[in-house]
Amino acid sequence: MNPFHDAIRALVTSALGLPADTVVAIATPPNPAMGDYTVAMFPFAKALGAKPPELAQRVTAAFAAGGALSSVTAAGPFVNVRISRPAFFAHVLGLVGAGRDSWGGNADGAGKTVVIDYSSPNISKHLAYHHIRSTMIGHSLCRIYAANGWKTVGLNFLGDWGTTHGMLLAAWERWGAGIDLAEDGVAKLNALYVQFRAAMKEDATLEPLARTWFKRLEDGDAGARDLWERFRQVSLAEFEKVYSKLGVAFDAVRGESYYEGKMQPVIDDLAAKGLLVESEGARVVDLTDRKLPPCILVKSDGATIYATRDLASATDRWDSWHFDRALYVVDKGQTVHFKQWFAVAEKAGWPFAGRMVHVQFGQVLFGGRKTSTRAGGAVLLHEVLDEAAKEIEAVIAEKNPSMTADKRSEVARQVGYGAIVYADLSKLRSGDVEFDWERLLSFEGDTGPFCQYQHARIASVVRKAGADLSLADASLLGTEEEWRTALLVADFPQKVRDACAKDEPSIVATYALDLCRAFSSWYAQGSKDAALKVNCDDAPTANARLALASAVRQTLANALFLIGLAAPEEM
RNA sequence: GUCCCCGUAGCUCAGUUGGAUAGAGCACAGCUUUCCUAAAGCUGGGGUCGCAGGUUCGAAUCCUGCCGGGGAUACCA
């Protein structure tokens, strides 16, 4: 995948007489002064019956100068390798230049389809801040899988069914007269829902009323159906406002209601296979052999439950797309639920069994506790996004007063939203995250705006220089800072693979930051010594440096795209 | 009770799948502004990698047991 890595592998395997396909772990030495890459000899010692330092000597002795590698030295049990810098610089510039927007991607997933279930909010409720996790991790995974050659289907699985929606219909009947849903519809619906739940505690007739309304909905009663459809549309329109801010678009929106008619065949099939047993009045699949609680599919009152809907929906997704993999980007609190119905699919021997993955993530905590949207007072996602854009707009006005108001507003949204998204995606999925306004609204250091700033900086320097980068002579590159930057650029394709293999967008986010730091360090050299500027006085050197900077910019733009951040040309 | 996740600098987090002296940012002390502008760079202090064992040439990383935090644990999603 990288001719320089290939050369190192070839050298090691041939020197030690190992098969050419032996796994050779190529790492970065702790100190750049030691070399560009390093290979530890320990893994080969046992098989070859020799001590690691001796093997390192053998590799060194077999090295012949010329080609991709410039020097090979033994440091005890390690073999440190320096690669030919002019060749490497030329290689990097060529790759990025040829790849452009697709640079970093691969075709590993060619012919394969992944269905990614993400965001999946409940209608008639706001998108709260914590929805950013599923929404952006899922969105980013769509792009990462696509960059790895997969066909992706992004799916929003709306919570639009169940007795809670009956409550809302009942509440509307009581108090809905005169309410205009055209403006802040979701807020009004949510208020009605909260009001109804509160009233239920006082008035025992309300819960049956809600059930009756839901029954009407299930039976296709036109009045109930129309009203529910209206609530659904109002909610979707409001979700869409937030999604468009984030650049999120789905390939399909299928709510729980969509699968309503598809559950009976699932139940029948499980019953026919003898998997469905009666237990405490409910119909369940026993999972004691998997050390799991039984999976309830039909409640004792005869109604279905979310496991039934998930099974029906998986079946439907299989019929629609014949996926090779289906990701469920859902918080880790639902781990048992997913294990249960994945197990049911396996027991039933369905063709898609084993292809589902629960991509779990940690929860957003407020003061160390899980959020409760029911308790009210939840922080809304659009509020956080708007606040960040507002704050950053003031910063831009101060730092870049010549920018027009329109442009400033556009860039403020890109960078403000970028700050919020980056703050979430830069962390490993698995950990819980504490909601912290101060940290979300910081634009310095390990942040999205820092990455975007480096991108804008490079774009501006290159734009103003107006040089013909196709004439760049890579042999004129060579400072330590340029070198470290180029090495990082070359790592990008592997990061795109790793992020996909682990379903982990933070790998790309962390990488983007590392690349920015390397570039920023390099760029700052120019303030100490004008000869070290990117756009220095010596035209051929400037051309080569601008070409490398341009490669960094392209890499950065591609990385930011994968995590859903805009890459502004100026800021 | 059982199961899952987490525990690394004062705070927020990385750590190349077991490798050489554990790294960033924030905060703190200081220094540096004619390329996009300091939204940055450089220097410095700051660590028993929760604790105790084990596995081996070698452990923040793997195994076991504790401690601490969060979550799940059949008719909500």
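Q: What makes the pair between E280 and a base nitrogen of RNA strand B a polar contact?
A: In this predicted model, a polar side-chain atom of E280 sits 2.6 Å from that base nitrogen. The cut-off for N or O pairs is 3.5 Å, so the pair counts as a polar contact.

Q: Why does S520 count as making a polar contact with RNA strand B?
A: Here the partner is a sugar or linking oxygen of the strand, 2.8 Å from an N or O atom in the S520 side chain. Since the limit is 3.5 Å, this pair qualifies too.

Q: What about N535 and a base oxygen of RNA strand B: why is that a polar contact?
A: A backbone N or O atom of N535 is 3.5 Å from the base oxygen. Pairs within 3.5 Å are accepted, so this one is included.

Q: Which elements give two or more residues to the surface near RNA strand B?
A: They are β3 (78–83), β8 (282–285), α11 (306–321), α13 (381–399), α16 (448–465) and α18 (506–528). The largest share, seven residues, is from α18.

Q: Which residues come nearest to RNA strand B, and what makes a residue count as near?
A: I296, K299, K399, R457 and R517 come nearest, out of 56 residues around the strand. A residue counts because one of its heavy atoms lies within 4 Å of the strand. By class, this surface holds 19 nonpolar, 18 polar and 19 charged residues. On the RNA side, 56% of the atoms within 4 Å of the protein belong to sugar or phosphate, and the rest to bases.

Q: How do you know that β7 and β8 are paired?
A: Pairing needs at least two bridges, and β7 and β8 have four, so they pair; the sense is antiparallel. S279 stands opposite A282 in β8.

Q: Why are β7 and β9 called edge strands?
A: The open sheet has three strands in the order β7-β8-β9, with antiparallel pairing. Both β7 (276–279) and β9 (295–298) pair on one side only, and that places them at the edges. From one strand to the next, the twist averages 45°.

Q: What makes a residue part of the lining of the second largest pocket, and which are closest to its centre?
A: The pocket has a volume of about 880 Å³. A lining residue has an atom within 4 Å of a pocket point, so 34 residues are counted. H5, Y37, L487, A490 and D491 are the closest to the centre. The largest share of the lining, eleven residues, comes from α17. By class, the lining divides into 15 nonpolar, nine polar and ten charged residues.

Note on methods: Residues numbered from 1 in each chain as written. Chains lettered and ligands numbered in written order. Predicted model: local features only at pLDDT ≥ 70, side-chain atom pairs only at ≥ 80, totals over all residues. Heavy atoms only, no water. Polar contact = N/O pair within 3.5 Å; in protein donor to acceptor, adjacent residues only side chain to side chain. Nonpolar A, V, L, I, M, F, W, Y, C, P; charged D, E, K, R; others polar. Axes fitted to C-alpha atoms, helices over the stretch in contact; angles between N-to-C directions. 1 Å grid on protein atoms, 1.4 Å probe; cavity = no way out; pocket = protein on both sides within 12 Å on 5 of 7 lines; lining within 4 Å. Points joined across faces, edges and corners; volume = space filled by probe spheres on them.
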